[in-house]
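Work through the three exercises below with the sequence and the model at hand. Each task is followed by a worked solution.

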Amino acid sequence: MRKSRSSAERGFNAHDRHRLSRALTQTEAVRVFRRIQAVLLMVEGRTVGEAAQITGLSLQSVYNLVQRYLHSHQVESLHDLPHTGRPPDAPELTATQILRELRRSPLRLGYRTT
């Protein structure tokens, strides 16, 4: 069995445990919580396998998250990155217009009731 490396040997500094613990209590997003928890477990001396098993993430995900965190030592690096996503089909529609249409009676639009 391989010996677990210490936090310092892995690249974590003295402030990382406190920073990650505080962020863990403040986050509301489940995905971000699991990511922070995985990195925090690594700071606390757990193995990658243990962190993956506890959080439900894959081994590769834990490796990637630790690498992302160690690159900047910022919790924000564990948050979701912006996605371009699918462009809107009708960008000229506003939320107000959509809500107004949803309030219209289906009967007046020609739909029959059952």
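## Exercise 1: a residue in a surface patch

Isoleucine 98 sits in helix H6, which spans residues 95–103. The model is a predicted one.

**Task.** Decide whether isoleucine 98 is buried, partly exposed or exposed, and find which residues make the nonpolar surface patch of about 390 Å².

**Solution.**
1. The relative accessible area of isoleucine 98 is 42%.
2. Buried requires under 20% and exposed requires over 50%.
3. Isoleucine 98 is therefore partly exposed.
4. The patch is made by Leu93, Ile98, Leu99 and Leu102.

## Exercise 2: an unusual phi

**Task.** Locate histidine 73, state the sign of its phi, and classify its accessibility.

**Solution.**
1. Histidine 73 lies in the loop between helix H5 (59–72) and H6.
2. Its phi is positive, about 55 degrees, although histidine 73 is not a glycine.
3. Most residues other than glycine have a negative phi.
4. The relative accessibility of histidine 73 is 18%.
5. The cut-off for buried is under 20%, so histidine 73 counts as buried.

## Exercise 3: the second largest pocket

**Task.** Describe the second largest pocket by volume, lining residues and residue class.

**Solution.**
1. The volume is about 170 Å³.
2. The lining consists of Arg19, Arg22, Ala23, Gln26, Thr27, Val32, Ile36, Val75, Glu76 and His79.
3. Helix H2 (16–26) and helix H3 (30–43) are the elements that give two or more residues to this lining.
4. H2 supplies the largest share, four residues.
5. By class, the lining holds four nonpolar, three polar and three charged residues.

How values were computed
Residues are numbered from 1 along each chain as its sequence is written. This is a predicted model: local features need pLDDT of at least 70, side-chain atom pairs count only at pLDDT 80 or more; totals for chains, interfaces and linings use all residues. Side-chain values use heavy atoms; hydrogens and water are left out. On a 1 Å grid over the protein atoms alone, a cavity is a set of points where a 1.4 Å probe fits but cannot get out, and a pocket is an open set with protein on both sides within 12 Å along at least five of seven lines; lining residues have an atom within 4 Å of a point. Grid points are joined across faces, edges and corners, and a volume is the space filled by probe spheres set on the points. Ala, Val, Leu, Ile, Met, Phe, Trp, Tyr, Cys and Pro count as nonpolar, Asp, Glu, Lys and Arg as charged, and the others, Gly among them, as polar. Patches are made of residues with over 30% relative accessible area and no salt bridge: like charges are joined within 9 Å, nonpolar side chains (Val, Leu, Ile, Met, Phe, Trp, Tyr) within 5 Å. Accessible areas come from the Shrake-Rupley method with a 1.4 Å probe; for residues, only the protein chains shown count as cover. A salt bridge is a side-chain nitrogen of Lys or Arg within 4 Å of a carboxyl oxygen of Asp or Glu. Buried means under 20% relative accessible area, exposed over 50%, partly exposed in between (1.4 Å probe, protein chains only).
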